[in-house]
Amino acid sequence: DEVVRKYHTQPTPLVVMADQKLLSSYKELCSLSKEQLIWVEKDPSHLSPDQLSAHCWPRVHTHFETKISNQIAKFNEAVGRGQTREGLQACWRAAQEGNCLMLLVDESFHAPGFIIDSEPSHLFRKPPVEDHRILTDAVDDLIELVLEKNGQVLMAEPESLPEGRKIMLITRY
């Protein structure tokens, strides 16, 4: 676990690949959570990087699909409590307030934005009359903002968020 922890970065899981005997021994000793590791039972000693990827990527992909599905279910539960935001501008305001627990973003979603320095919590989608700053990719800036404020971000495959949504947020309160 001590060696594995050096390579593990939150919230991305680490793939542990080993032959059956070694992997089962490590599973017995491992104290890391199920969310932190993805187990692949295969001897990696004679595999090329492409072959390693072919064995690991499907499990990693499934892990993230499951995680996104779980977060969508949590989003739907949070709707009734008023702890959700949808759309770039509403998510921007919540993130500026530090009220961002989980941001779900369609990975193909990119949009410019405009902000006035005196009012940074308001994101404009069209250039305002006042002097303003241009954000060439406001979605990227939003992601950085959420991470700065200790929120989490999950990128979803294009068109996989429900009802054609591009960006969804679960708030802290």
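This passage describes the salt bridges of a predicted model, together with a sheet and a helix that lies across it. Residues are numbered from 1 along each chain as its sequence is written, and side-chain values use heavy atoms, with hydrogens and water left out. As the model is predicted, local features need pLDDT of at least 70 and side-chain atom pairs count only at pLDDT 80 or more, whereas totals for chains, interfaces and linings use all residues.

We can begin with the charged pairs. Side chains of opposite charge can pair when their charged atoms come close. The structure contains five salt bridges (a side-chain nitrogen of Lys or Arg within 4 Å of a carboxyl oxygen of Asp or Glu). One of these joins Arg133 to Asp117, with an N to O distance of 2.9 Å. This pair connects distant parts of the chain, 16 residues apart: Arg133 belongs to strand β7 (residues 133–135), while Asp117 sits in the loop between β5 (113–116) and β6 (119–124). Helices (H or I, at least four residues) and strands (E, at least two) are DSSP runs, numbered from the N terminus. Arg133 is partly exposed at 42% relative accessibility, and Asp117 is exposed at 56%; buried means under 20% relative accessible area, exposed over 50%, and partly exposed in between (1.4 Å probe, protein chains only).

Another salt bridge brings Lys166 and Glu159 together, their closest N and O atoms lying 2.8 Å apart. Here Lys166 is partly exposed, at 25% relative accessible area, and Glu159 is exposed, at 59%. In the salt bridge between Glu163 and Arg165, the N to O distance is 3.4 Å. Glu163 is exposed at 72% relative accessibility, whereas Arg165 is buried at 15%. Both residues also belong to a network of salt bridges that includes Glu86.

Glu86 leads on to the sheet. In β3, which spans residues 84–86, Glu86 stands opposite Met168 of β9. Strands β3 and β9 (residues 167–170) pair in the antiparallel sense over three bridges; two strands pair if DSSP finds at least two bridges between them. These strands are part of an open, four-stranded sheet with the order β3-β9-β4-β8 and mixed pairing. Its edge strands, β3 and β8 (152–156), each pair on one side only. On average, neighbouring strands of this sheet are turned by 15° against each other, direction ignored.

Helix α4 (residues 88–96) lies across β3, β4 (102–106) and β9, and runs at about 135° to β3. Contact means heavy atoms within 4.5 Å; axes are lines fitted to C-alpha atoms, for helices over the stretch in contact, and angles run from 0 to 180 degrees between N-to-C directions.
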